[in-house]
Amino acid sequence: MKTPHPKHDFIEVRGAREHNLKDVDVDIPRNQLVVFTGVSGSGKSSLAFGTIYAEAQRRYFESVAPYARRLIDQVGVPQVERITGLPPAVALQQQRGAATARSSVGSVTTISSLVRMLYSRTGSYPPGQPLLAATEFSPNMPQGACPHCHGLGRLYDVDEATLVPDDALTLRERAVAAWPGAWQAQNLRDILTSLGHDIDVPWRKLPKKTRDWILFTDEQPQVPVYAGLPLREVQRLLRTEQPPSYMGTFISARRYVLQTFAASQSAMMKRKAAQFLVGTPCPVCQGKRLKPQALAVTFAGLDIADFTHLPLDDLAALLAPFAAGADADAGADGAPSRLSAEKQLVAQRIAQELLGRIGALTGLGLGYLSLDRATPTLSPGELQRLRLATQLSSQLFGVVYVLDEPSAGLHPADSEALLAALDRLKAAGNSIFVVEHDLATIRRADWLVDVGPDAGERGGRVLYSGAPAGLAEVEASHTRRYLFGSDSRPQRTRRTPRDWLQLLGVQRNNLRGIDAAFPIGCLTSVTGVSGSGKSSLVSQALLELVSAHLGQRAPQAEEEGGAELPPDATAGDDDPGAAASAQDDAGATRGTLAGAVRQIRRLVLVDQKPIGRTPRSNLATYTGLFDGVRKLFAATPAARARHFDAGRFSFNIAKGRCPTCEGEGFVKVELAFLPMAYAPCPTCHGARYNSETLAVTWNGMTIADVLHLTVEAACEAFAGEPGVLRPLQVLREIGLGYLRLGQPATELSGGEAQRIKLATELQRTQHGHTLYVLDEPTTGLHPADIDRLLLQLDAFVQAGNTVVVVEHDMHFVARSDWVIDLGPGAGAQGGSIVASGTPEEVAREAASRTAPYLAAGLA
Ligand code: ADP
Ligand code: ADP
Ligand code: ZN
Ligand code: ZN
């Protein structure tokens with residue numbers, strides 16, 4: 001791609017070979033909105049993030065921390081010959097499934113610190129109370145925390161039922177589950193024996209006084225320990241004052257749990273301790289986490305906790321008069337007060353600054369959020385927009401912003417605001433690089449870089465780099481077909497609803513007692529602007545009510561093992577009330593099921609969360625096809641002669657795997673400033689197995705060779721093995737033929753993970769009677785991939801299953817059987833069903849903000 005242009009205006013990439021990139025040379029203009037397009041897996045992210053952004057990062061780290069050099073080398077620098085004209089880069093990537101530390105909208109955007117300053121400097125104080133410093137309005141600072149609950153907002157204590165889950169057990173059988181295990185457990189049992197307690201009677205037979213003392217005492221007696229001896233024997237030794245094995249210190253279960261939770265350095269220990277804690281709201285601060293003096297200070301009649309609990313839209317309305325110079329001391333009743341001119345000026349300045357920052361957020365359609373909203377409850381798209389808004393206020397210039405599908409999670413009406421924000425960043429002198437599938441965004445690009453033509457090995461080339469119109473000439477491009485509408489897209493046959501699954505009186509977040517009906521055996525799309533209540537209805541209420549009905553645990557839309565934890569008292573900068581709002585969302589859904597409930601016998605959530613968190617899980621293991629492969633290896637004469645069973649060929653079992661990396665093929669590398677990274681294992685170089693295991697071959701391949709095959713190649717290699725072939729064929733049909741069997745789960749994109757889950761489900765569709773729930777399944781998918789996804793979901797419906805999808809892609813919505821549109825607005829302005837019916841019916845609904853876009857999608 002050589003075009004004559006002034007050198008300094010372009011970033012020139014030469015010889016890029018990261019992942020599947022095929023020695024790519026490309027010139028990309030600066031100070032433009034550049035969109036990277038191509039089917040899922042074609043190499044867009046490998047170019048934009050894996051090469052350009054990674055190289056900018058590497059240069060940055062080299063300049064600020066030369067000692068990091070060795071570590072950077074170990075993880076690998078981007079595979080690229082050279083890049084010239086590269087400015088500093090900022091990535092605004094969506095971290096799917098990444099666990100976020102407990103923080104809030106206010107702390108992520110740093111608006112919290114301004115609010116604290118506002119209260120400190122301009123709040124109205126009770127008569128006689130001295131001014132407080134800004135830090136005294138932070139519950140995470142000892143100066144500000146409520147002294148009763150130490151800023152947690154809740155009081156955590158233990159009770160017998162949680163400490164001793166099974167009271168039929170004896171102390172020897174670990175009746176006190178909260179106590180530590182291993183040596184400590186033995187130690188405590190020996191101490192109790194020395195104290196005269198019988199550790200072999202069931203817990204419930206012990207006297208209440210004894211039980212209470214063991215669980216709750218604050219005493220920590222030191223006693224002689226005669227390790228491992230029975231009570232009678234210990235008593236004899238004590239009487240005769242024999243020298244003990246050692247002196248041991250007793251600690252009650254309560255003291256142990258509280259101390260571990262408060263002081264342990266280990267997140268795992270803390271987590272374990274937290275399981276035994278029961279929380280109740282703090283009676284002193286009512287869950288607001290701050291000391292009484294801080295809560296006594298008001299601004300516009302609100303304490304700081306109530307202030308940060310307001311939706312940003314309301315906050316902006318409240319601040320506007322102050323920014324215009326109103327009297328901060330006037331109070332909610334408008335009573336006049338004598339405020340010094342200086343204080344009023346300070347209030348004005350801070351209110352103006354706050355309004356600017358809040359405006360960046362509301363401008364991106366996030367006005368329904370509050371400052372105290374905990375970030376783990378936000379969607380990846382919301383979080384990305386939060387970070388984008390922070391960048392908008394930071395006024396950097398000369399930077400490359402690299403964004404990953406910013407339209408994800410956005411209603412077409414919201415996308416307009418996002419594009420306007422990107423335009424402002426560009427106008428400020430920055431380059432905007434976006435990996436995007438949304439056709440409306442692609443049409444707004446100044447420049448397109450189309451990668452392809454297909455995925456994986458069949459992609460990795462730059463098919464086109466230039467102004468959008470020029471792509472029309474590029475035959476090989478899939479993007480061209482969709483952008484210029486030369487091909488008609490496949491249609492599906494609509495189904496007419498017969499039976500309904502009804503949700504009555506649903507209350508959850510902003511849904512206030514609504515009724516909703518989902519047609520059984522149909523594909524339903526739930527639409528609405530961001531914050532209108534789609535996830536509340538589908539990913540929360542529907543999932544919870546149906547799973548409760550089926551008597552199964554709600555498929556978790558959160559992090560693995562996402563039990564509610566008390567907020568971490570050691571977390572970084574945080575907001576008053578973040579704990580209180582975390583409690584709100586723990587509140588369960590209210591509502592009932594009605595209608596053809598009996599026709600749903602199974603519930604499956606198909607999300608884009610990674611299929612595993614370590615390189616240990618991969619395509620082959622997740623889909624179960626590896627079991628068949630291992631059996632084939634165990635049946636070879638070479639394996640039989642060595643007495644190798646199928647377990648020998650598992651990299652999760654010690655006997656066959658490489659001892660250095662324990663079968664991961666990678667070793668973890670800890671990097672200063674950077675997230676955990678993986679480097680190839682120095683012993684097996686990624687093979688995962690030890691040399692004895694690798695000595696066995698099946699049809700000339702070692703087990704490591706098999707893991708290195710693509711799905712497509714494996715279809716040929718295992719053509720004669722139906723058990724292995726079937727899952728492989730499903731993967732190929734679903735468009736994942738380019739993936740390698742052993743590709744670690746950590747390298748798969750969200751869209752790939754979702755499709756693997758769908759493929760695994762597709763093998764089971766004969767069941768029928770299953771309700772599939774998907775939250776924005778088109779995220780990360782090129783229009784060509786979306787067509788394929790529609791076919792797959794249609795196969796679920798044809799097999800008698802019900803599919804409910806939260807979706808923004810109007811082409812997809814238009815091809816559904818039924819549409820439920822929520823709104824009309826976000827937050828308190830949303831939460832109602834504006835329209836429901838066939839796509840045509842909803843497209844005619846005047847009150848629906850979705851209607852005009854849906855009408856376009858139907859055309
Ligand atoms: P896109 O952004 O176009 O969806 P990617 O750049 O993410 O595509 O992926 C291009 C190819 O590189 C795919 O085959 C993908 O599976 C592979 N890939 C992605 N990440 C990694 C990685 N960390 N290691 C190895 N291969 C990867
Ligand atoms: P959508 O899925 O349409 O974007 P949501 O259902 O996520 O909308 O949000 C609807 C409303 O409920 C918004 O005002 C949002 O801030 C609020 N909300 C959603 N999830 C939570 C939560 N976990 N805690 C508190 N409020 C929430
Ligand atoms: Zn308190
Ligand atoms: Zn190894």
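Trainee: Starting with His150: how many other C-beta atoms lie within 10 Å of it?
Mentor: There are 16, so His150 is partly exposed. Keep in mind that this is a predicted model.

Trainee: Where is His150 found?
Mentor: In the loop between α4 and β6, the strand at 154-157.

Trainee: And what is the phi of His150?
Mentor: About 55°. That is positive, although His150 is not a glycine.

Trainee: What about His19, what is its phi?
Mentor: Near 50°, again a positive value in a residue other than glycine. His19 sits in the loop between β1 (10-16) and β2 (24-29).

Trainee: Why does His19 count as partly exposed?
Mentor: Because 18 other C-beta atoms lie within 10 Å of His19. The buried class starts at 20.

Trainee: Back to α4. At what angle does α4 cross α14?
Mentor: Roughly 165°. The axes of α4 (residues 111-122) and α14 (residues 341-363) come within 10 Å. The two helices are therefore roughly antiparallel to each other.

Trainee: Left-handed or right-handed crossing for α4 and α14?
Mentor: Left-handed. On the α4 side the contact uses Ile111, Leu114, Met117, Leu118, Arg121 and Thr122. From α14 come Lys343, Val346, Ala347, Ile350, Glu353, Leu354 and Arg357.

Trainee: How do the residues of that α4 and α14 contact divide?
Mentor: Eight are nonpolar, one is polar and four are charged.

Trainee: Next pair. How far apart are the axes of α27 and α28?
Mentor: They are 9 Å apart. Helix α27 (residues 722-736) packs on α28 (residues 750-762) at about 140°. That angle makes α27 oblique to α28, because roughly antiparallel needs over 145 degrees. The crossing is right-handed.

Trainee: Which residues meet there, α27 to α28?
Mentor: Val730, Leu731, Ile734, Gly735 and Leu736 are on α27. Facing them on α28 are Glu752, Arg755, Ile756, Leu758, Ala759 and Leu762. The split for this contact is eight nonpolar, one polar and two charged.

Trainee: Ile756 has other partners, I think. What does Ile611 contact?
Mentor: Setting aside neighbours within four places in sequence, Ile611 contacts Ser617, Tyr622, Ala745, Leu748, Ala753, Ile756 and Lys757. Ile611 lies in the loop between β18 (602-605) and α21 (619-622).

Trainee: Is Ile611 buried or exposed?
Mentor: Buried, because it has 21 C-beta neighbours inside 10 Å.

Trainee: What about the cores? How many residues are in the largest nonpolar one?
Mentor: It has 119 residues. Ile52, Ala253, Val402 and Phe433 have the most contacts inside it. Val402 touches Ala48, Phe49, Ile52, Tyr53, Ala89, Ala91 and Phe433, not counting residues up to four places away in sequence. A second, separate core of 96 residues includes Leu503, Leu748, Leu771 and Val773.

Trainee: Why would nonpolar residues group like that?
Mentor: In soluble globular proteins, nonpolar side chains tend to be buried together.

Trainee: Last topic, prolines. What is omega between Gly452 and Pro453?
Mentor: Near 5°, and the peptide bond is cis. Pro453 is in the loop between β12 (447-452) and β13 (461-466).

Trainee: And which residue does a cis bond join to Pro824?
Mentor: Gly823, with omega about 5°. Pro824 has its place in the loop between β23 (818-823) and β24 (832-837).

Notes: Residues are numbered from 1 along each chain as its sequence is written. Chains are lettered from A and ligands numbered from 1 in the order in which they are written. This is a predicted model: local features need pLDDT of at least 70, side-chain atom pairs count only at pLDDT 80 or more; totals for chains, interfaces and linings use all residues. Axes are lines fitted to C-alpha atoms, for helices over the stretch in contact, and angles run from 0 to 180 degrees between N-to-C directions. Helices (H or I, at least four residues) and strands (E, at least two) are DSSP runs, numbered from the N terminus. Angles under 35 degrees count as roughly parallel, over 145 as roughly antiparallel, 65 to 115 as roughly perpendicular and the rest as oblique. A crossing is left-handed if the near helix is turned anticlockwise from the far one by less than a right angle, and right-handed if clockwise. Two residues are in contact if their C-beta atoms, placed from the backbone, lie within 7 Å. Ala, Val, Leu, Ile, Met, Phe, Trp, Tyr, Cys and Pro count as nonpolar, Asp, Glu, Lys and Arg as charged, and the others, Gly among them, as polar. A residue is buried if 20 or more other C-beta atoms lie within 10 Å of its own, exposed if 12 or fewer, and partly exposed in between; C-beta atoms are placed from the backbone. A nonpolar core is a set of buried Ala, Val, Leu, Ile, Met, Phe, Trp, Tyr and Cys residues joined through C-beta atoms within 7 Å.
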